[in-house]
Amino acid sequence: VNHLNAAKSKLQTETDKLELIQLNLMAAKKAKQANAYEPALYYLQTAMSPLTSDCWENHYALSYELYRERAEAEQLCGHLEEAHRFCEALLNHAASDLDKADVYGLQAELYSNHGRFAEALSAGSEGIRLLGVYWPEKDDALNQEMMNDMAVIQTYLEQHSVESLQALPEMKDPEKRMLNRLFCLVWGPAINVKLPMSTLAVVKIVAHSIQYGSSDMSAFGYVN
């Protein structure tokens, strides 16, 4: 892609420019997978340089992916404030609650990676509530909600073996899958900030998996 970038000023059509943007996005992902974070950031900067102010209206999915990858790359290169600047842009343009919840999850991850656990917990909790789940703050309410979900788990285990959890059908609802991811993301920060919330997060993962199917985060709940 580098030789194409060198000639990018000669591109005339919108189709050619979009194709180069997508090629740089692909190169950035490959570089990130290889732990080459600075090159990944360079490819994303190059990809985003020709974006116009109407990119969100005309190319929403591509713009969302570019900004999300850019936020991750900035964080991986140690630029936390820049990473959050791109997260804020994502939140301002997100077209659905699911996309917004995804960004809150990314913010929780970014804050956690830098030891800012209270902010990580706040971001993750915001995403959970956005998707319609009751997620209290006070310890009494957290414990009561945990007992409600424990009852779901207990009812299941009265009729099924523990081993049957491995045979649950796949969780297909995107919002439920996102919630399991968010529960996972708040667990670590909550251990450091609000322990009852970390317990609720684990119980929620298991209860949601029983109710809605197994996701790639379910095993985390089972072992914790």
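This text walks through a predicted model of one protein chain, from its overall fold to its aromatic side chains.

Start with the secondary structure. The protein chain contains 12 helices and zero strands. Followed along the sequence, the pattern is α-α-α-α-α-α-α-α-α-α-α-α. The C-alpha trace spans about 70 × 35 × 30 Å along its principal axes.

Next comes packing. The protein chain has 224 residues, and 45% of them are buried. Consider the contacts with a separation of 6 or more. Of these, 64% join residues 24 or more positions apart.

Now turn to the surface. The protein chain exposes about 11,600 Å². Carbon and sulfur atoms supply 51% of that area. As for charge, 19 side chains are positive and 30 are negative. The centres of these two sets lie 4 Å apart.

The aromatic side chains add local detail. The structure holds seven aromatic pairs. Ring pairs link five residues into a cluster: Trp 56, Tyr 60, Tyr 64, Tyr 67 and Phe 86. Phe 86 also has a charged partner. The charged end of Arg 85 sits over the Phe 86 ring, 4.7 Å from the ring centre. Arg 85 thus places a positive charge over a ring that belongs to the cluster.

A further charge-over-ring contact involves Lys 176 and Tyr 212. Here Lys 176 lies over the face of Tyr 212, at 4.3 Å from the ring centre.

Technical notes. Residues numbered from 1 in each chain as written. Predicted model: local features only at pLDDT ≥ 70, side-chain atom pairs only at ≥ 80, totals over all residues. Heavy atoms only, no water. Helix = DSSP H or I, 4+ residues; strand = E, 2+ residues; numbered from the N terminus. Buried < 20%, exposed > 50% of the residue type's maximum accessible area, 1.4 Å probe, protein only. Contact = heavy atoms within 4.5 Å. Areas by Shrake-Rupley, 256 points an atom, 1.4 Å probe, with all protein chains shown as cover. Charge placed at Lys NZ, Arg CZ, Asp CG, Glu CD. Phe/Tyr/Trp six-rings, centres within 6.5 Å; stacked < 30°, edge-to-face > 60°. Lys NZ or Arg CZ within 6 Å of the ring centre and 35° of its normal.
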